[in-house]
Amino acid sequence: ERDEEIADLQDELDSVQRETRRRDVVSEDVVSTKLSKKDAEIIRVGVSTGQVQIALKKAGYYDGAIDSRVGSGTKKAIKQFQQDNNLKADGVIGRQTWEKLKTYLD
């Protein structure tokens, strides 16, 4: 019985490790995305649109796809996050907004 328990735990550990590796690959893809000129007007710090979307999603402000595009849902989420965090709600990811938002990536 104990051997079965150990085997089950090992299977669960293997599954978690596979998922972690998969997420790392997805994160690397998102991080490497270059900003379009339009998105660069909104994101003024050295992060990708995908990173912003992931952080907004983890913070509970964005429920759209992580598509590395600043669409209306991303803009709305940025403004709401700024408003709720006593930042200038201009929809621009500057240094102050990113300092608060990036904590959700951890």
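Colleague: Where does Arg95 lie in this structure?

Modeller: Arg95 lies in helix 5, which covers residues 95-101. Keep in mind that this is a predicted model.

Colleague: Why is Arg95 called exposed?

Modeller: Its relative accessible area comes out at 58%. Exposed means over 50%, so Arg95 earns the word.

Colleague: What separates the C-alpha atoms of Arg95 and Ile43?

Modeller: They are 9.5 Å from each other, with the two residues 52 apart along the chain.

Colleague: On to the loops. What makes Ser68 count as buried?

Modeller: Ser68 has a relative accessibility of 16%. The cut-off for buried is under 20%, so Ser68 falls on the buried side. Ser68 sits in the loop between helix 3 (49-59) and helix 4 (72-84).

Colleague: What is the phi of Ser68?

Modeller: It is near 60°, which is a positive value in a residue that isn't glycine. Asn86 also has a positive phi without being glycine, in its case near 55°.

Colleague: Is Asn86 buried or exposed, and how do you know?

Modeller: Asn86 has a relative accessible area of 73%. With exposed set at over 50%, Asn86 is therefore exposed. You'll find Asn86 in the loop between helix 4 and helix 5.

Colleague: Now the rings. How many aromatic pairs are there?

Modeller: Two.

Colleague: Why is the pair of Tyr61 and Phe81 called edge-to-face?

Modeller: The ring centres are 5.4 Å apart and the planes stand at 85°. A pair needs centres within 6.5 Å, and edge-to-face needs planes over 60 degrees apart, so Tyr61 and Phe81 pass on both counts. The pair links distant parts of the chain, 20 residues apart: Tyr61 is in the loop between helix 3 and helix 4, and Phe81 is in helix 4.

Colleague: What makes Phe81 buried?

Modeller: Phe81 has a relative accessible area of 1%; buried means under 20%, so the label fits. Phe81 also pairs with Tyr104, again edge-to-face, at 6.2 Å between centres and 85° between planes.

Colleague: Which parts does that pair tie together?

Modeller: Phe81 belongs to helix 4 and Tyr104 to the segment after helix 5, so the pair joins parts that are 23 residues apart in sequence.

Colleague: Why do Tyr61 and Tyr104 count as partly exposed?

Modeller: Tyr61 has 24% relative accessibility and Tyr104 has 33%. Partly exposed runs between the 20% and 50% cut-offs, so both tyrosines belong there.

Colleague: Which residues do the ring pairs link into a cluster?

Modeller: Tyr61, Phe81 and Tyr104.

Key
Residues numbered from 1 in each chain as written. Predicted model: local features only at pLDDT ≥ 70, side-chain atom pairs only at ≥ 80, totals over all residues. Heavy atoms only, no water. Helix = DSSP H or I, 4+ residues; strand = E, 2+ residues; numbered from the N terminus. Buried < 20%, exposed > 50% of the residue type's maximum accessible area, 1.4 Å probe, protein only. Phe/Tyr/Trp six-rings, centres within 6.5 Å; stacked < 30°, edge-to-face > 60°.
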